[in-house]
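Student: I am new to this structure and would like to go through it slowly with you. Could we take one question at a time, and reason towards each answer?

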Amino acid sequence: MGQREVWRLMSRFNAFKRTNTILHHLRMSKHTDAAADVILEKKGCAGVITLNRPKFLNALTLNMIRQIYSQLKKWEQDPETFLIIIKGAGGKAFCAGGDIRVISEAEKAKQNIAPVFFREEYMLNNAVGSCQKPYVALIHGITMGGGVGLSVHGQFRVATEKCLFAMPETAIGLFPDVGGGYFLPRLQGKLGYFLALTGFRLKGRDVYRAGIATHFVDSEKLAMLEEDLLALKSPSKENIASVLENYHTESKIDRDKSFMLEEHMDKINSCFSANTVEEIIENLKQDGSSFALEQLKVINKMSPTSLKITLRQLMEGSSKTLQEVLTMEYRLSQACMRGHDFHEGVRAVLIDKDQSPKWKPADLKEVTDEDLNNHFKSLGSNDLKF
C-alpha cells in the first residue's frame, strides 16, 4: 500500500472519528438540554415541577410532557408527597403553550410527531384533572394554550398581577384545545365562548374574577406563599386551601377594581348566545357599540374554519366529561394537522411574522357542514383512550 493510500485511509478514519465525536456531543447536549427543560424536585411535603425554558417562555416540548406525566403519576402514589406545585422559571411566563412551531415544521417535513405530541399532552391534561393529590399551579406571567392545560384542570390555580391568560388558537388555524372545550363553556354566561373565538387576553386579578384562577396573590408574596406550602406537615386539602385563602385575602393589588369585562357581560351574553358563527357576527353588527365592533374586527381576522370548529367544540363540550372532551379534541387536532390553516397560521404568526395569514377557505360561507363533520369524525382505533 502506497503512502498516499495510507494517508487517505487515515484522513477518512479521522473524519469518521470527528463525525462520531460531533454526533456524541449533539446527543449529549440534546440530552442535557432536555433534562434541564423541566426540573422535578421533592421539597418538604411537596413535589415541585418547574418549567425551565424561560428563553422560550417555557413552551412545552414532548420530552417535558413525558417527564411531567411520569413524575406526576409517581408522586400521586407516594405516601410522603402531600401536594404538587407547578410553576414557570424566569418570571416572564408560566407557560406560553405547546411548541407548535416545531410540530408544524415536523409535519411539513413528513415527520409525523403531531399524533404523539397531542396524544401525550392531552393524557397529561387528564392526569392533572384527575390528580389524587392537591395540585397547585402558580400561574405567574404568560399562561396560554398548553400552559392553560397544565393549570386550569388542577384543584388550585394562583394568579398574580403579572398573569396574562389567553386561548389565541383561532388566530393560528387551531382551536382552544387542552380541554378548552370543557372549562370554557363552564365559565359565567357566554364568557368562555367570547374568550375562545376572539382570543381576548385577561390580565392579573381578572383571571381570578373570570373563574380561571381560584386565588389571587401579589407577585412579591409568591415565593413566601410557596415556602409556607412547603413547610406544611402532612397537610390535608383543607390545610392547603387555608394557606392559599389567607394570602388571597391579604392581597391588595387591584382589589377595588371591578372585572374589566363587567360592563360588557350583557353584550357578551346576548351576542355570543347563537348557534352559528354567522349569527354571532350578525349580533355584533346589530349591537353596533364600539366594544361589539372591536370584537367583530378581531373575529374577521381569524381562520373561518377554526371559528366554526371552536363554536361547535364548546357547544358539544358543555355537556361532556373532561375525558370525552379531550378525545373529541384529539380528533380535531389531527384533522387540523392534515389541513391548511394551522400551518399557514404558524407561518404568519410565528415564522415569517407578517401577521397576514391566507386562510383556505377564506370565507365562513365556504366552510361546509361536511367539512366540520370530517373534523369531528372518530379516528377509530387511533382515537385517544384513557
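Student: Which residue stands opposite methionine 144 in S8?

Tutor: This is a predicted model, and the pairing in question lies between strand S6, residues 142-144, and strand S8, residues 164-166. The two strands run parallel and are joined by three bridges. Opposite methionine 144, in S8, stands alanine 166.

Student: In what order do the strands of this open sheet lie?

Tutor: The sheet is open, has four strands and shows mixed pairing. Strand S4 (93-95) and strand S9 (202-203) each have a single partner strand, so one side of each is left without a neighbour in the sheet, and these two stand at the edges. Read across the sheet, the order is S4-S6-S8-S9.

Student: Does threonine 170 count as buried or exposed?

Tutor: Threonine 170 is found in the loop between S8 and helix H6, which covers residues 180-183. Leaving out residues up to four places away in sequence, threonine 170 touches Ala196, Leu197, Met302, Ser303, Ser306, Leu307, Thr310 and Trp359. Because its relative accessibility is 0%, and buried means under 20%, threonine 170 counts as buried.

Student: Which helix gives the largest share of the largest nonpolar core?

Tutor: The largest nonpolar core has 88 residues, and those with the most contacts inside it are Leu51, Leu195, Leu202, Ile212 and Phe272. Of these, leucine 202 is in contact with residues including Cys163, Leu164, Phe165, Leu195 and Ile212, when its neighbours within four places in sequence are set aside. The largest share of this core is eight residues, and the helix that supplies them, residues 322-338, is H15.

Student: How many residues are in the second, separate core?

Tutor: This core is separate from the one just described, and among its members are Ile85, Val158, Val243 and Tyr247. Its number of residues is 19.

Student: What is the radius of gyration of the chain, and why is the chain called as compact as a globular protein of that length?

Tutor: The secondary structure of the chain comes to 17 helices and 10 strands, and its C-alpha atoms fill a box of roughly 90 × 60 × 40 Å along the principal axes. For 386 residues the globule rule gives 21 Å, and the value for the chain is close to that, so the chain is as compact as a globular protein of that length. The radius of gyration is 23 Å.

Student: What percentage of the residues of the chain count as buried?

Tutor: The chain exposes about 18400 Å², of which carbon and sulfur atoms supply 52%. Taken over the 386 residues, the part that counts as buried is 51%.

Note on methods. Residues numbered from 1 in each chain as written. Predicted model: local features only at pLDDT ≥ 70, side-chain atom pairs only at ≥ 80, totals over all residues. Heavy atoms only, no water. Pairing = 2+ DSSP bridges. Buried < 20%, exposed > 50% of the residue type's maximum accessible area, 1.4 Å probe, protein only. Contact = heavy atoms within 4.5 Å. Core = buried A, V, L, I, M, F, W, Y, C linked by side-chain atoms within 4.5 Å. Rg over C-alpha atoms; globule rule 2.2 N^0.38 Å. Areas by Shrake-Rupley, 256 points an atom, 1.4 Å probe, with all protein chains shown as cover.
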